Amino acid sequence: MKYTSYRAISSLSKGERRTENSIGKLVSGAMLQDIAAYAMDLEGAAGTLTGADEEEARGQFQQMLLSSPSMRIAGGTDEILRNIIASACWATGDIRVDKDVPFNKIPTKGR
């Protein structure tokens, strides 16, 4: 991941857009969710308590756990990111017969 990040930064500095960021988002989204769940397990019932009398760190893992699924959705779901990565590696992504058709021209059933 370290060298993939370097490659992404280098590409961005040259004005190029590549798939390295998709790889980073795919890995980091799942990792963030796993870390938050593990931290909440370690804290036990105390991890769900927040308040003025609690330590400053309390609630941070709870917030991370509750917001981590949104990171896996925002900017493309895991499945979309996998298709982006696959198409960049010359693998076949999902078969789409409507790839070159504008959205408003796609026929729907029942019309």
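How many helices and how many strands make up the secondary structure of the protein chain? Colour the chain by secondary structure and you will find four helices and zero strands, where helices (H or I, at least four residues) and strands (E, at least two) are DSSP runs numbered from the N terminus. This is a predicted model, in which local features need pLDDT of at least 70 and side-chain atom pairs count only at pLDDT 80 or more, while totals for chains, interfaces and linings use all residues. Residues are numbered from 1 along each chain as its sequence is written, and side-chain values use heavy atoms, with hydrogens and water left out.

Stay with the whole chain for a moment: of its 111 residues, 20% count as buried, a word that stands for under 20% relative accessible area, with exposed meaning over 50% and partly exposed in between (1.4 Å probe, protein chains only).

Now select helix 1, residues 2–13, whose 12 residues reach 17 Å from the first C-alpha to the last, close to the 16 Å expected at 1.5 Å a residue; that expected span is 1.5 Å times one less than the number of residues. Show the side chains of Thr4, Ala8 and Ser11, which are buried in helix 1. Looking down the axis of helix 1, you see its buried residues fall within an arc of 65 degrees, so they line one face of the helix, the arc being that of the directions from the helix axis to the C-beta atoms. These buried residues pack against helix 2, while the face turned away from the buried side carries the exposed residues Lys2, Tyr3, Ile9 and Ser13. Just after helix 1, select Gly15, which takes a positive phi of about 80 degrees.

Next, select helix 2 (residues 20–43) together with helix 4 (residues 78–88), which pack at an angle of about 145 degrees with their axes 9 Å apart; axes are lines fitted to C-alpha atoms, for helices over the stretch in contact, and angles run from 0 to 180 degrees between N-to-C directions. The contact (heavy atoms within 4.5 Å) is made by Ser22, Ile23, Lys25 and Leu26 of helix 2 and by Asp78, Leu81, Arg82, Ile84 and Ile85 of helix 4.

Finally, keep helix 4 alone and pick out Asp78, Leu81, Ile85 and Ala86, which are buried there. Down the axis of helix 4, its buried residues fall within an arc of 135 degrees, so they line one face of the helix. To see their partners, bring back helix 2 and add helix 3 (60–73), since the buried residues of helix 4 pack against both.
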